[in-house]
Amino acid sequence: MKSPCVLLTALVALAAYYVYIPLPSSVSDPWKLRLLDAAFRSAQQVSNLIHYLGLSHHLLVLNFIIDSLGKKSAWSSAQVKVTDTDFDGVEVRVFEGSPKPEEPLKRSVLYIHGGGWALASAKTKNYDELCTTLAEELNAVIVSIEYRLVPKVYFPEQIHDVVRATKYFLQPEVLHKYSVDPGRIGISGDSAGGNLAAALSQQLNQDTNLKNKVKVQALIYPVLQALDFNTPSYQQNANTPILPRYVMVKYWVDYFKGDYDFVQEMIVNNHTSLDVEEAAALRAHLNWTSLLPASIKKNYKPVVQTTGNARIIQKIPQLLDVRSAPLIADQEVLRGLPKTYILTCEHDVVRDDGIMYAKRLEKAGVEVTLDHFESCFHGCVIFASWPTYFSVGIQTQNSYIKWLNQNL
């Protein structure tokens, strides 16, 4: 009897050691977050092993796990009609709020899901539920874009997909079909989807042939640059779940079909060192010492290498492409962008991307609402139902929907 008890105690201790990670005292629901992070790390380790054995790409394995745990069919309710279709060859899931006699035309949001340009789907349970909530609460038409993912396609194909689907939707006959008011259309997305939404807004703003312009953009903890992985938020949250710095850098490398050998050098900013001429002109656009408030900068110092590895930019020039890094766009590109909402989380490596973008947009004359949450972490907006329910999921969703309701 003694041996099984010892074994059980050892297993419990090992499990606790695996699950436990130190977290800031201000983070919401710390033990839930630890368990969620442990589940993510386990899935990543399994996928990495399968990749190492040559059986499948690790991102395909991760997506298989995500789909197995919660992919929803297009199920309609009395309040929201849900259909799967395609817009100019791009798959979309459309959520339509109930018709109201006093409101013959609805407002609309084109939503772009997150997942490091490689994971999740418009059909994933969390995103399906978020878009259903948006359609019901706003009495709107929500178009969730099912853009193609890494490793099936790489940058800039994801952007091409969202641009193509959006331009198709903005055609007068399509808006008429869905009873959408052409003056009340917004673009939104979270994480990598926020990146694509920001890039999409910039492209649409410069398209002189486009008759119907979007009214607002709403970016949820957007990923906006890959030049500086040592902003205060990257330094502060380097090991914070659910998106540690190392994982975020790997997503960037995967997006560009780059070499994993560059990851460690990119983490210390060797790809944008002072001797890399291509990056020199862009530094002013993300100079966080001037763009961030003192409360965010704290005592962190910039990490700027004198000499680095120029081969990284030579091999991955997409790192400096404004379509992948909307934060580095010229000021004239930012002028004329629609009214903007940016949600950021304190415990998130990409927190400062959003804050810096808000500042740059303000300087360009764009009306911006920066909605910062002190106790929140990356991904929290979609964690609002069982089994990944967090109180901050409901809190951030409500704030986001309230802004859309008031401004769209």
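Helix 3 covers residues 58-70, 13 in number, and its first and last C-alpha atoms lie 19 Å apart, close to the 18 Å expected at 1.5 Å a residue. Helices here (H or I, at least four residues) and strands (E, at least two) are DSSP runs, numbered from the N terminus, and the expected span of a helix is 1.5 Å times one less than its number of residues. This is a predicted model, in which local features need pLDDT of at least 70 and side-chain atom pairs count only at pLDDT 80 or more, while totals for chains, interfaces and linings use all residues. Residues are numbered from 1 along each chain as its sequence is written, and side-chain values use heavy atoms, leaving out hydrogens and water.

Let's look at what helix 3 tucks away. Its buried residues are H58, L59, V61, L62, N63 and G70, where buried means under 20% relative accessible area, exposed over 50%, and partly exposed in between (1.4 Å probe, protein chains only). These buried residues pack against helix 2 (30-52), helix 4 and helix 9 (245-255), with contact meaning heavy atoms within 4.5 Å.

Follow that packing to helix 2, which has 23 residues and reaches 32 Å from first C-alpha to last, close to the expected 33 Å. Among its buried residues are L33, R34, L36 and D37. Just after helix 2 comes G54, with a positive phi of about 80°.

Helix 4 (residues 125-138) is another neighbour in that packing. Its 14 residues should span 20 Å at 1.5 Å a residue, and its end C-alpha atoms are 20 Å apart, which agrees. Its buried residues include Y127, L130, C131 and L134, and strand 1 (80-87), strand 2 (90-97) and helix 17 (391-407) are among the elements that cover the buried residues of helix 4. Just after this helix, N139 takes a positive phi of about 45°.

C131 leads to a question: how many disulfides does the structure hold? It holds zero, a disulfide being a pair of cysteine sulfur atoms within 2.5 Å. The sulfur of C131 is 16 Å from the closest cysteine sulfur, in C380, so that pair is too far for a bond. The sulfur of C380 has its closest cysteine sulfur in C345, at 3.8 Å, also too far for a bond.

Finally, visit some loops. Between strand 1 and strand 2 sits D88, a non-glycine residue with a positive phi of about 55°; it is partly exposed, at 44% relative accessible area. In the loop between strand 8 (368-377) and helix 17 lies P387, and the peptide bond from W386 to P387 is cis, with omega near 5°.
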